[in-house]
Amino acid sequence: MFIASEKSTPSFKDFTLVMPAVAVGNVGQLAVDLIVSTLNMNRVGYVHTDCLIPMAGNNPYATCKEDSEEIHTPAEVYTAPELKLAVLQIRAPVIQTKSKKFRQLIVSWIKASGFSRTVVLSSSHAYQRDDQQLQGTPLRYLVTPSLLKISADALKELGWREMEQVPAFPGLTDANTEPRLYIPGGGITKGLYTDSCAEDVPLAVLLLFCSEGDNIPDAFTLVNHLNDWLHLLDNPSQQPNKWKIPTSWSLLFGSGIPPALF
Amino acid sequence: MATFFGEVLSVYSRAVEEDDEDLDENEEDEQIRRELEGKREVCLHWNPEVSEALRSGNKFHCSDFILASGVNASRFLSVYILTSANWDTVGHASVWNERSRPLNGQTSEESACVFYRHKDNPSLLICQVTCYIAEDQLFQWAEKVFDCLQHRDLKVTVLSDSSVADYRTADCLCNSSVPFLRSLHTTNYSGLPVCPSLEQPNIVTGLPAAVLNHCQVHHIAAVVYQCYSDIIGPDSVTMETYKPALTRLGKSIQLDWSPSADVFRKFVKTADIQSNLYI
(Lines give C-alpha, C1' and ligand atoms only; values in the text may rest on other atoms or scores of the structure.)
Protein backbone atom coordinates (compact mmCIF):
# COMPACT_ATOMS: atom_id res chain seq x y z
CA MET A 1 0.00 0.00 0.00
CA PHE A 2 1.50 3.35 -1.04
CA ILE A 3 1.44 6.02 1.65
CA ALA A 4 2.57 9.56 0.79
CA SER A 5 5.09 11.05 3.20
CA GLU A 6 3.73 14.57 2.76
CA LYS A 7 0.12 15.67 3.03
CA SER A 8 -0.37 15.99 -0.73
CA THR A 9 -0.38 12.83 -2.80
CA PRO A 10 2.25 13.03 -5.53
CA SER A 11 1.23 12.55 -9.15
CA PHE A 12 3.11 9.91 -11.10
CA LYS A 13 1.20 10.46 -14.33
CA ASP A 14 3.48 9.73 -17.31
CA PHE A 15 6.48 9.16 -15.05
CA THR A 16 8.97 6.40 -15.70
CA LEU A 17 9.29 4.04 -12.74
CA VAL A 18 12.57 2.31 -12.00
CA MET A 19 12.51 -0.42 -9.38
CA PRO A 20 14.73 -3.31 -8.31
CA ALA A 21 13.89 -6.93 -7.82
CA VAL A 22 15.51 -8.35 -4.69
CA ALA A 23 17.74 -10.83 -6.48
CA VAL A 24 21.16 -12.46 -6.43
CA GLY A 25 23.88 -10.05 -5.33
CA ASN A 26 21.31 -7.29 -4.73
CA VAL A 27 22.48 -5.73 -8.00
CA GLY A 28 19.17 -4.05 -8.80
CA GLN A 29 18.94 -2.51 -5.34
CA LEU A 30 22.52 -1.22 -5.52
CA ALA A 31 21.87 0.27 -8.96
CA VAL A 32 18.75 2.03 -7.67
CA ASP A 33 20.78 3.40 -4.74
CA LEU A 34 23.17 4.95 -7.26
CA ILE A 35 20.32 6.61 -9.13
CA VAL A 36 18.71 8.05 -5.99
CA SER A 37 21.95 9.36 -4.53
CA THR A 38 23.33 10.75 -7.80
CA LEU A 39 20.15 12.53 -8.85
CA ASN A 40 19.43 13.77 -5.30
CA MET A 41 15.90 12.45 -5.52
CA ASN A 42 13.26 13.33 -2.94
CA ARG A 43 11.35 10.78 -0.95
CA VAL A 44 7.63 11.14 -1.63
CA GLY A 45 6.20 8.09 0.09
CA TYR A 46 6.44 4.59 1.44
CA VAL A 47 5.19 1.23 0.32
CA HIS A 48 3.93 -0.06 3.67
CA THR A 49 3.23 -3.76 3.40
CA ASP A 50 3.38 -6.97 5.39
CA CYS A 51 5.11 -8.67 2.45
CA LEU A 52 8.51 -7.24 3.34
CA ILE A 53 10.63 -8.01 6.40
CA PRO A 54 10.66 -4.89 8.61
CA MET A 55 13.89 -2.90 8.93
CA ALA A 56 14.74 0.72 9.62
CA GLY A 57 17.82 2.90 9.55
CA ASN A 58 19.02 6.46 9.29
CA ASN A 59 19.39 8.26 5.97
CA PRO A 60 21.31 5.97 3.60
CA TYR A 61 22.06 8.88 1.27
CA ALA A 62 23.31 11.32 3.90
CA THR A 63 25.76 13.87 2.57
CA CYS A 64 26.44 15.78 5.77
CA LYS A 65 25.82 15.46 9.50
CA GLU A 66 22.65 17.56 9.34
CA ASP A 67 20.68 15.28 7.03
CA SER A 68 21.89 11.98 8.45
CA GLU A 69 19.18 11.69 11.12
CA GLU A 70 16.21 10.78 9.02
CA ILE A 71 14.48 7.45 9.33
CA HIS A 72 14.13 5.23 6.27
CA THR A 73 11.92 2.18 5.85
CA PRO A 74 11.99 -1.08 3.79
CA ALA A 75 10.32 0.28 0.64
CA GLU A 76 10.24 3.93 -0.37
CA VAL A 77 9.38 5.95 -3.44
CA TYR A 78 11.57 8.79 -4.68
CA THR A 79 10.99 11.24 -7.52
CA ALA A 80 12.87 13.65 -9.75
CA PRO A 81 9.94 15.61 -11.29
CA GLU A 82 12.14 17.44 -13.83
CA LEU A 83 13.16 14.08 -15.30
CA LYS A 84 9.66 12.63 -14.91
CA LEU A 85 11.34 9.84 -13.04
CA ALA A 86 10.14 7.87 -10.02
CA VAL A 87 12.14 5.23 -8.23
CA LEU A 88 10.96 2.55 -5.84
CA GLN A 89 13.74 1.32 -3.61
CA ILE A 90 13.25 -2.01 -1.80
CA ARG A 91 15.64 -2.59 1.09
CA ALA A 92 14.37 -5.83 2.58
CA PRO A 93 13.73 -9.35 1.31
CA VAL A 94 10.19 -10.35 0.41
CA ILE A 95 8.61 -12.85 2.83
CA GLN A 96 8.64 -16.09 0.88
CA THR A 97 5.00 -17.02 1.31
CA LYS A 98 3.91 -13.51 0.35
CA SER A 99 5.83 -12.99 -2.88
CA LYS A 100 2.74 -13.47 -5.00
CA LYS A 101 0.81 -10.95 -2.93
CA PHE A 102 3.70 -8.50 -3.20
CA ARG A 103 3.79 -8.84 -6.99
CA GLN A 104 0.09 -8.18 -7.22
CA LEU A 105 0.41 -5.17 -4.94
CA ILE A 106 3.19 -3.68 -7.08
CA VAL A 107 1.39 -4.33 -10.38
CA SER A 108 -1.85 -2.79 -9.14
CA TRP A 109 0.03 0.23 -7.76
CA ILE A 110 1.82 0.69 -11.11
CA LYS A 111 -1.51 0.56 -12.92
CA ALA A 112 -3.24 2.93 -10.52
CA SER A 113 -0.39 5.48 -10.59
CA GLY A 114 -0.37 5.84 -14.36
CA PHE A 115 3.36 5.32 -14.95
CA SER A 116 4.16 5.51 -18.66
CA ARG A 117 6.64 2.67 -18.30
CA THR A 118 8.31 0.61 -15.61
CA VAL A 119 11.86 -0.71 -15.64
CA VAL A 120 12.76 -3.56 -13.29
CA LEU A 121 16.46 -3.91 -12.52
CA SER A 122 17.32 -7.47 -11.69
CA SER A 123 19.94 -10.19 -11.75
CA SER A 124 20.18 -13.92 -12.22
CA HIS A 125 22.61 -16.65 -11.17
CA ALA A 126 25.61 -16.61 -13.51
CA TYR A 127 26.31 -20.28 -12.87
CA GLN A 128 22.95 -21.34 -14.22
CA ARG A 129 23.48 -19.94 -17.71
CA ASP A 130 23.23 -22.40 -20.56
CA ASP A 131 25.70 -22.66 -23.45
CA GLN A 132 24.19 -19.94 -25.60
CA GLN A 133 23.99 -17.52 -22.65
CA LEU A 134 27.65 -17.99 -21.71
CA GLN A 135 28.90 -16.11 -24.73
CA GLY A 136 28.98 -12.35 -25.09
CA THR A 137 27.48 -9.74 -22.80
CA PRO A 138 26.00 -10.73 -19.42
CA LEU A 139 23.20 -8.18 -19.82
CA ARG A 140 19.70 -9.13 -20.98
CA TYR A 141 16.35 -7.46 -21.34
CA LEU A 142 12.68 -8.39 -21.50
CA VAL A 143 9.76 -6.21 -22.52
CA THR A 144 6.04 -6.71 -22.27
CA PRO A 145 4.04 -6.46 -25.52
CA SER A 146 2.50 -3.15 -24.49
CA LEU A 147 5.91 -1.54 -23.95
CA LEU A 148 7.27 -3.05 -27.14
CA LYS A 149 4.58 -1.16 -29.02
CA ILE A 150 5.91 2.21 -27.86
CA SER A 151 9.63 1.47 -27.48
CA ALA A 152 10.38 -0.94 -30.32
CA ASP A 153 12.52 1.56 -32.25
CA ALA A 154 14.54 2.66 -29.24
CA LEU A 155 15.25 -0.93 -28.30
CA LYS A 156 16.30 -1.80 -31.83
CA GLU A 157 18.72 1.11 -31.88
CA LEU A 158 20.27 0.01 -28.59
CA GLY A 159 20.96 -3.43 -30.01
CA TRP A 160 20.42 -5.15 -26.68
CA ARG A 161 20.13 -8.88 -26.25
CA GLU A 162 16.82 -10.31 -25.23
CA MET A 163 16.65 -12.88 -22.44
CA GLU A 164 16.67 -16.30 -24.07
CA GLN A 165 14.05 -18.93 -23.48
CA VAL A 166 15.65 -22.12 -22.27
CA PRO A 167 14.49 -25.67 -22.88
CA ALA A 168 12.47 -27.05 -20.00
CA PHE A 169 14.51 -30.24 -20.00
CA PRO A 170 18.00 -29.54 -21.38
CA GLY A 171 19.32 -32.31 -23.58
CA LEU A 172 15.92 -33.76 -24.26
CA THR A 173 14.78 -33.11 -27.79
CA ASP A 174 11.08 -33.44 -27.62
CA ALA A 175 9.00 -31.25 -29.85
CA ASN A 176 6.23 -31.20 -27.30
CA THR A 177 8.11 -29.37 -24.58
CA GLU A 178 8.08 -25.67 -25.09
CA PRO A 179 11.08 -23.58 -24.09
CA ARG A 180 10.39 -21.47 -21.03
CA LEU A 181 11.52 -18.27 -19.42
CA TYR A 182 13.82 -19.12 -16.54
CA ILE A 183 15.34 -16.52 -14.22
CA PRO A 184 16.97 -18.41 -11.33
CA GLY A 185 17.86 -16.21 -8.37
CA GLY A 186 15.76 -13.41 -9.78
CA GLY A 187 13.21 -13.28 -6.98
CA ILE A 188 9.94 -11.81 -8.18
CA THR A 189 11.35 -10.80 -11.59
CA LYS A 190 9.73 -13.52 -13.64
CA GLY A 191 6.40 -13.30 -11.86
CA LEU A 192 6.33 -9.55 -12.18
CA TYR A 193 7.05 -9.82 -15.90
CA THR A 194 4.42 -12.45 -16.61
CA ASP A 195 1.84 -10.62 -14.49
CA SER A 196 2.59 -7.42 -16.41
CA CYS A 197 2.23 -9.21 -19.73
CA ALA A 198 -1.15 -10.53 -18.63
CA GLU A 199 -2.32 -7.18 -17.32
CA ASP A 200 -1.02 -5.17 -20.26
CA VAL A 201 1.41 -3.11 -18.18
CA PRO A 202 4.26 -1.45 -20.10
CA LEU A 203 7.22 -2.97 -18.29
CA ALA A 204 10.82 -3.84 -19.11
CA VAL A 205 13.25 -6.01 -17.19
CA LEU A 206 16.97 -5.30 -17.39
CA LEU A 207 19.01 -8.05 -15.85
CA LEU A 208 22.57 -9.12 -15.38
CA PHE A 209 24.09 -12.55 -14.84
CA CYS A 210 26.23 -12.40 -11.73
CA SER A 211 27.40 -14.25 -8.64
CA GLU A 212 27.36 -13.31 -4.97
CA GLY A 213 30.35 -11.34 -3.77
CA ASP A 214 31.37 -7.74 -4.20
CA ASN A 215 28.56 -6.73 -6.55
CA ILE A 216 29.40 -3.04 -6.74
CA PRO A 217 30.95 -3.38 -10.24
CA ASP A 218 27.81 -5.23 -11.35
CA ALA A 219 25.65 -2.39 -10.07
CA PHE A 220 27.67 0.12 -12.13
CA THR A 221 27.37 -2.08 -15.21
CA LEU A 222 23.62 -2.34 -14.81
CA VAL A 223 23.03 1.34 -14.09
CA ASN A 224 25.19 2.40 -17.06
CA HIS A 225 23.24 -0.01 -19.22
CA LEU A 226 19.99 1.56 -18.06
CA ASN A 227 21.43 4.99 -18.69
CA ASP A 228 22.10 4.11 -22.34
CA TRP A 229 18.35 3.91 -22.68
CA LEU A 230 16.94 6.50 -20.27
CA HIS A 231 19.77 9.09 -20.43
CA LEU A 232 19.58 9.99 -16.76
CA LEU A 233 23.17 11.22 -16.85
CA ASP A 234 25.08 12.48 -19.89
CA ASN A 235 27.97 10.29 -20.92
CA PRO A 236 28.65 8.62 -17.59
CA SER A 237 31.03 6.17 -19.21
CA GLN A 238 33.53 8.90 -20.01
CA GLN A 239 33.70 9.80 -16.37
CA PRO A 240 33.34 6.50 -14.60
CA ASN A 241 32.87 8.03 -11.16
CA LYS A 242 30.00 10.27 -12.04
CA TRP A 243 27.59 8.02 -10.20
CA LYS A 244 27.65 8.92 -6.52
CA ILE A 245 28.13 6.04 -4.09
CA PRO A 246 25.86 6.52 -1.06
CA THR A 247 27.25 6.56 2.47
CA SER A 248 25.32 3.41 3.35
CA TRP A 249 27.63 1.37 1.14
CA SER A 250 30.46 1.71 3.62
CA LEU A 251 31.64 -1.33 5.57
CA LEU A 252 29.96 -3.77 3.18
CA PHE A 253 32.41 -6.41 4.32
CA GLY A 254 32.08 -5.85 8.05
CA SER A 255 33.72 -3.62 10.61
CA GLY A 256 37.24 -2.23 10.62
CA ILE A 257 40.14 -4.50 11.33
CA PRO A 258 41.45 -4.50 14.91
CA PRO A 259 44.92 -2.91 14.85
CA ALA A 260 46.14 -5.42 17.42
CA LEU A 261 46.16 -8.01 14.64
CA PHE A 262 49.37 -6.61 13.22
CA MET B 1 29.94 -14.28 1.13
CA ALA B 2 33.63 -14.61 2.00
CA THR B 3 35.62 -11.60 3.15
CA PHE B 4 39.22 -10.68 2.51
CA PHE B 5 40.30 -12.86 5.40
CA GLY B 6 38.27 -15.78 4.21
CA GLU B 7 35.70 -15.98 6.96
CA VAL B 8 32.24 -16.59 5.67
CA LEU B 9 29.56 -14.04 6.46
CA SER B 10 25.96 -15.04 6.14
CA VAL B 11 24.23 -12.02 4.71
CA TYR B 12 20.53 -12.58 4.80
CA SER B 13 19.41 -10.34 1.96
CA ARG B 14 21.62 -12.23 -0.44
CA ALA B 15 19.96 -15.55 0.22
CA VAL B 16 17.60 -15.54 -2.69
CA GLU B 17 15.05 -18.26 -3.03
CA GLU B 18 14.97 -20.22 -6.20
CA ASP B 19 12.65 -19.16 -8.92
CA ASP B 20 9.26 -19.91 -7.51
CA GLU B 21 7.09 -21.71 -9.94
CA ASP B 22 3.46 -21.33 -9.13
CA LEU B 23 2.81 -24.89 -8.18
CA ASP B 24 -0.62 -26.24 -8.60
CA GLU B 25 -1.30 -27.30 -5.08
CA ASN B 26 -3.82 -29.90 -4.22
CA GLU B 27 -6.57 -29.13 -1.79
CA GLU B 28 -4.97 -30.89 1.12
CA ASP B 29 -1.75 -28.88 0.82
CA GLU B 30 -3.71 -25.71 0.69
CA GLN B 31 -5.72 -26.66 3.73
CA ILE B 32 -2.56 -27.39 5.72
CA ARG B 33 -1.12 -24.08 4.61
CA ARG B 34 -4.27 -22.24 5.62
CA GLU B 35 -4.32 -23.92 9.01
CA LEU B 36 -0.68 -23.05 9.62
CA GLU B 37 -1.33 -19.47 8.66
CA GLY B 38 -4.25 -19.33 11.05
CA LYS B 39 -2.09 -20.72 13.83
CA ARG B 40 0.56 -18.08 13.16
CA GLU B 41 -1.92 -15.22 13.68
CA VAL B 42 -0.92 -12.85 16.44
CA CYS B 43 -3.65 -12.79 19.10
CA LEU B 44 -4.10 -10.11 21.70
CA HIS B 45 -5.79 -11.10 24.95
CA TRP B 46 -6.93 -8.17 27.08
CA ASN B 47 -8.50 -8.08 30.51
CA PRO B 48 -12.31 -8.14 30.49
CA GLU B 49 -12.40 -4.46 31.42
CA VAL B 50 -10.06 -3.44 28.60
CA SER B 51 -11.60 -5.64 25.96
CA GLU B 52 -15.02 -4.29 26.87
CA ALA B 53 -13.77 -0.76 26.28
CA LEU B 54 -12.12 -1.75 23.00
CA ARG B 55 -15.28 -3.45 21.82
CA SER B 56 -17.28 -0.30 22.35
CA GLY B 57 -14.77 1.62 20.27
CA ASN B 58 -12.79 3.27 23.06
CA LYS B 59 -9.16 2.78 22.31
CA PHE B 60 -6.44 2.98 24.94
CA HIS B 61 -5.78 6.57 25.97
CA CYS B 62 -2.09 6.23 25.97
CA SER B 63 0.44 9.02 26.30
CA ASP B 64 3.48 6.85 26.67
CA PHE B 65 3.94 3.35 25.37
CA ILE B 66 7.17 1.67 26.38
CA LEU B 67 8.08 -1.51 24.60
CA ALA B 68 10.97 -3.68 25.70
CA SER B 69 12.18 -6.24 23.19
CA GLY B 70 14.71 -8.77 24.37
CA VAL B 71 15.80 -10.24 27.68
CA ASN B 72 17.87 -7.35 28.99
CA ALA B 73 15.44 -4.64 27.92
CA SER B 74 12.55 -6.52 29.55
CA ARG B 75 14.40 -7.20 32.77
CA PHE B 76 15.54 -3.60 32.90
CA LEU B 77 11.88 -2.62 33.08
CA SER B 78 11.22 -5.37 35.63
CA VAL B 79 14.04 -4.21 37.89
CA TYR B 80 13.73 -0.45 37.59
CA ILE B 81 10.06 0.15 36.98
CA LEU B 82 7.73 -2.77 37.50
CA THR B 83 9.02 -3.58 41.02
CA SER B 84 7.21 -0.53 42.34
CA ALA B 85 4.01 -2.61 42.35
CA ASN B 86 2.06 0.24 40.84
CA TRP B 87 1.35 -1.74 37.73
CA ASP B 88 -1.55 -3.89 36.62
CA THR B 89 -1.25 -6.62 34.04
CA VAL B 90 -3.80 -5.73 31.39
CA GLY B 91 -3.19 -8.36 28.77
CA HIS B 92 -0.81 -10.40 26.71
CA ALA B 93 -0.15 -11.29 23.11
CA SER B 94 0.18 -14.88 22.04
CA VAL B 95 2.49 -15.61 19.16
CA TRP B 96 2.99 -19.09 17.82
CA ASN B 97 5.76 -19.93 15.39
CA GLU B 98 8.46 -22.45 14.59
CA ARG B 99 10.47 -21.51 17.67
CA SER B 100 7.62 -21.76 20.16
CA ARG B 101 8.21 -24.45 22.74
CA PRO B 102 5.40 -26.20 24.50
CA LEU B 103 7.80 -26.65 27.47
CA ASN B 104 5.95 -24.90 30.25
CA GLY B 105 2.63 -25.20 28.59
CA GLN B 106 0.38 -22.21 28.64
CA THR B 107 2.39 -20.19 31.14
CA SER B 108 5.43 -19.58 28.94
CA GLU B 109 3.26 -18.26 26.16
CA GLU B 110 1.42 -15.94 28.48
CA SER B 111 4.55 -14.48 30.00
CA ALA B 112 6.42 -13.93 26.76
CA CYS B 113 4.63 -10.78 25.67
CA VAL B 114 2.80 -8.96 28.47
CA PHE B 115 1.15 -5.54 28.72
CA TYR B 116 1.15 -3.55 31.97
CA ARG B 117 -0.70 -0.36 32.83
CA HIS B 118 0.14 2.13 35.58
CA LYS B 119 -2.41 2.12 38.40
CA ASP B 120 -2.39 5.87 39.09
CA ASN B 121 -1.69 7.04 35.59
CA PRO B 122 -3.53 4.71 33.20
CA SER B 123 -2.11 6.48 30.16
CA LEU B 124 1.21 4.72 30.72
CA LEU B 125 1.46 1.38 29.03
CA ILE B 126 4.40 -1.01 29.10
CA CYS B 127 4.97 -4.11 27.04
CA GLN B 128 7.67 -6.70 27.61
CA VAL B 129 8.51 -9.06 24.77
CA THR B 130 10.94 -11.89 25.39
CA CYS B 131 9.73 -14.42 22.83
CA TYR B 132 10.83 -14.76 19.24
CA ILE B 133 8.42 -13.18 16.80
CA ALA B 134 8.86 -14.50 13.27
CA GLU B 135 9.46 -12.18 10.32
CA ASP B 136 5.98 -12.66 8.91
CA GLN B 137 4.40 -11.86 12.29
CA LEU B 138 6.17 -8.59 13.05
CA PHE B 139 4.08 -6.38 10.80
CA GLN B 140 0.89 -7.93 12.10
CA TRP B 141 1.97 -7.48 15.73
CA ALA B 142 2.55 -3.76 15.20
CA GLU B 143 -0.74 -3.35 13.32
CA LYS B 144 -2.78 -5.12 15.96
CA VAL B 145 -1.22 -3.47 19.00
CA PHE B 146 -1.37 0.05 17.57
CA ASP B 147 -4.92 -0.56 16.50
CA CYS B 148 -5.80 -0.66 20.20
CA LEU B 149 -4.05 2.63 21.03
CA GLN B 150 -5.22 6.15 20.42
CA HIS B 151 -2.68 7.85 18.22
CA ARG B 152 -3.15 11.40 19.46
CA ASP B 153 -0.26 12.59 21.64
CA LEU B 154 1.11 9.09 21.73
CA LYS B 155 4.83 8.75 22.34
CA VAL B 156 6.45 5.40 21.79
CA THR B 157 9.74 4.35 23.36
CA VAL B 158 11.27 1.04 22.32
CA LEU B 159 14.16 -0.56 24.18
CA SER B 160 15.86 -3.27 22.22
CA ASP B 161 18.68 -5.73 22.82
CA SER B 162 21.28 -6.25 20.18
CA SER B 163 24.60 -8.00 19.87
CA VAL B 164 27.71 -5.88 19.49
CA ALA B 165 28.77 -8.36 16.79
CA ASP B 166 26.05 -6.83 14.63
CA TYR B 167 27.40 -3.33 15.08
CA ARG B 168 29.49 -2.00 12.21
CA THR B 169 32.08 0.67 12.62
CA ALA B 170 35.32 1.57 10.90
CA ASP B 171 37.06 1.94 14.27
CA CYS B 172 37.97 -0.94 16.44
CA LEU B 173 35.48 -1.49 19.23
CA CYS B 174 38.03 -2.88 21.67
CA ASN B 175 38.77 0.50 23.21
CA SER B 176 35.24 1.76 23.46
CA SER B 177 32.89 0.89 26.22
CA VAL B 178 30.55 -1.95 25.48
CA PRO B 179 27.59 -2.02 26.16
CA PHE B 180 26.46 1.23 24.55
CA LEU B 181 23.24 2.81 23.36
CA ARG B 182 22.19 4.07 19.93
CA SER B 183 18.89 5.69 18.97
CA LEU B 184 16.70 5.91 15.90
CA HIS B 185 13.52 7.98 15.83
CA THR B 186 10.63 8.79 13.54
CA THR B 187 10.24 12.20 11.89
CA ASN B 188 7.52 13.25 14.35
CA TYR B 189 9.63 12.58 17.41
CA SER B 190 11.06 15.66 19.07
CA GLY B 191 13.09 14.96 22.12
CA LEU B 192 16.54 15.75 23.32
CA PRO B 193 18.99 13.06 22.29
CA VAL B 194 20.27 11.00 25.19
CA CYS B 195 22.70 8.98 23.10
CA PRO B 196 24.28 9.07 19.63
CA SER B 197 22.06 8.35 16.67
CA LEU B 198 22.44 5.00 14.93
CA GLU B 199 25.14 5.43 12.31
CA GLN B 200 24.85 4.10 8.75
CA PRO B 201 25.26 1.34 7.66
CA ASN B 202 23.77 -0.02 10.90
CA ILE B 203 20.09 -0.83 10.85
CA VAL B 204 17.35 -1.85 13.24
CA THR B 205 15.52 -5.10 12.53
CA GLY B 206 12.85 -7.25 14.13
CA LEU B 207 10.07 -5.93 16.33
CA PRO B 208 11.65 -2.48 16.94
CA ALA B 209 11.85 -1.99 13.16
CA ALA B 210 8.25 -3.06 12.67
CA VAL B 211 7.12 -0.56 15.33
CA LEU B 212 9.25 2.24 13.84
CA ASN B 213 7.90 1.56 10.34
CA HIS B 214 4.34 1.63 11.59
CA CYS B 215 4.90 4.83 13.57
CA GLN B 216 6.69 6.58 10.72
CA VAL B 217 3.96 5.99 8.15
CA HIS B 218 1.22 6.84 10.66
CA HIS B 219 2.98 9.98 11.94
CA ILE B 220 3.42 8.75 15.51
CA ALA B 221 6.36 9.97 17.59
CA ALA B 222 8.56 6.98 18.30
CA VAL B 223 12.14 6.34 19.29
CA VAL B 224 14.13 3.11 19.49
CA TYR B 225 17.03 2.76 21.88
CA GLN B 226 19.18 -0.09 20.77
CA CYS B 227 21.64 -1.45 23.32
CA TYR B 228 24.66 -3.20 21.84
CA SER B 229 26.03 -5.65 24.37
CA ASP B 230 28.63 -8.41 24.30
CA ILE B 231 26.87 -10.55 26.87
CA ILE B 232 24.20 -13.05 25.98
CA GLY B 233 21.56 -13.39 28.64
CA PRO B 234 20.47 -11.12 31.47
CA ASP B 235 23.21 -8.92 32.84
CA SER B 236 23.05 -5.98 35.24
CA VAL B 237 25.60 -3.83 33.38
CA THR B 238 23.68 -4.14 30.12
CA MET B 239 20.44 -3.34 31.92
CA GLU B 240 21.91 -0.17 33.40
CA THR B 241 22.81 1.06 29.94
CA TYR B 242 19.12 1.66 29.27
CA LYS B 243 18.83 4.15 32.16
CA PRO B 244 19.31 7.36 30.14
CA ALA B 245 16.57 6.28 27.72
CA LEU B 246 13.92 6.69 30.40
CA THR B 247 15.09 9.91 32.06
CA ARG B 248 12.58 11.77 29.91
CA LEU B 249 9.82 9.82 31.61
CA GLY B 250 11.19 10.56 35.08
CA LYS B 251 8.28 12.84 35.95
CA SER B 252 5.51 10.45 35.08
CA ILE B 253 7.02 7.17 36.16
CA GLN B 254 8.66 6.51 39.43
CA LEU B 255 11.93 4.94 38.58
CA ASP B 256 13.74 2.97 41.19
CA TRP B 257 17.25 4.16 40.34
CA SER B 258 19.04 2.04 42.90
CA PRO B 259 17.29 -1.28 43.14
CA SER B 260 18.41 -3.64 45.86
CA ALA B 261 20.67 -6.56 45.18
CA ASP B 262 17.79 -8.90 45.94
CA VAL B 263 15.81 -7.54 43.03
CA PHE B 264 18.76 -8.02 40.72
CA ARG B 265 19.36 -11.50 42.02
CA LYS B 266 15.83 -12.42 41.17
CA PHE B 267 16.11 -11.29 37.56
CA VAL B 268 19.69 -12.19 36.74
CA LYS B 269 20.10 -15.65 38.29
CA THR B 270 18.18 -17.62 35.68
CA ALA B 271 21.07 -17.39 33.22
CA ASP B 272 23.34 -19.46 35.44
CA ILE B 273 20.96 -22.36 35.67
CA GLN B 274 20.59 -22.71 31.92
CA SER B 275 24.28 -23.10 31.27
CA ASN B 276 25.36 -26.65 32.01
CA LEU B 277 28.61 -26.46 30.10
CA TYR B 278 30.88 -26.87 33.14
CA ILE B 279 28.94 -28.85 35.69
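**Exercise 1. Work out how the strands of the sheet in chain B are ordered and which strands stand at the edges.**

Let's start with the order: chain B has an open sheet of 8 strands, running β1-β3-β4-β5-β2-β6-β9-β7 with mixed pairing. Strands here are DSSP runs of E with at least two residues, helices are runs of H or I with at least four, and both are numbered from the N terminus. Two strands pair if DSSP finds at least two bridges between them.

Next, look at the ends. β1 (43-46) and β7 of chain B each have a single partner strand, so one side of each has no neighbour in the sheet. From one strand to the next, the twist averages 20°.

A quick note on the model: it is predicted, so local features need pLDDT of at least 70 and side-chain atom pairs count only at pLDDT 80 or more, while totals for chains, interfaces and linings use all residues. Residues are numbered from 1 along each chain as its sequence is written, and chains are lettered from A and ligands numbered from 1 in the order in which they are written.

**Exercise 2. Describe the surroundings of β9(B).**

Step one, the antiparallel side: β7(B) pairs with β9(B) (residues 221-229) over 6 bridges. Here R182(B) sits opposite Q226(B), and S183(B) faces Y225(B).

Step two, the parallel side: β6(B) and β9(B) share 9 bridges. Across this pairing, V156(B) is opposite A222(B).

Step three, the helix: α6(B) lies across β2 (64-69), β5 (124-129), β6 (155-163), β7 and β9 of chain B, and runs at about 160° to β9(B). Axes are lines fitted to C-alpha atoms, for helices over the stretch in contact, and angles go from 0 to 180 degrees between N-to-C directions.

Step four, the cover: 8 of the 9 residues of β9(B) are buried. A residue is buried if 20 or more other C-beta atoms lie within 10 Å of its own, exposed if 12 or fewer, and partly exposed in between, with C-beta atoms placed from the backbone. For chain B as a whole, 34% of the 279 residues count as buried.

**Exercise 3. Find out what chain B brings to its meeting with chain A.**

Count first: 41 residues of chain B are in contact with 45 of chain A. Contact is when the C-beta atoms of two residues, placed from the backbone, lie within 7 Å.

Now the elements: α5 (135-147), β7 (180-185), β8 (203-205) and α6 (206-217) of chain B each give two or more residues to this side. α6(B) has the largest share, with 6 residues.

By class, chain B's side has 19 nonpolar, 13 polar and 9 charged residues. Nonpolar covers Ala, Val, Leu, Ile, Met, Phe, Trp, Tyr, Cys and Pro; charged covers Asp, Glu, Lys and Arg; the others, Gly among them, are polar.

Finally, the strands: β4 of chain A (residues 55-57) and β8(B) pair in the antiparallel sense over 3 bridges. In that pairing, G57(A) stands opposite I203(B).

**Exercise 4. Decide how α1(A) and α6(A) are placed relative to each other.**

Begin with the axes: those of α1(A) (residues 27-38) and α6(A) (residues 216-230) come within 8 Å and cross at roughly 65°. The two helices are therefore roughly perpendicular (under 35 degrees counts as roughly parallel, over 145 as roughly antiparallel, 65 to 115 as roughly perpendicular and the rest as oblique).

Then the residues: the contact includes L30(A) and L34(A) of α1(A), and L222(A) and V223(A) of α6(A). Its residues divide into 9 nonpolar, no polar and 1 charged.
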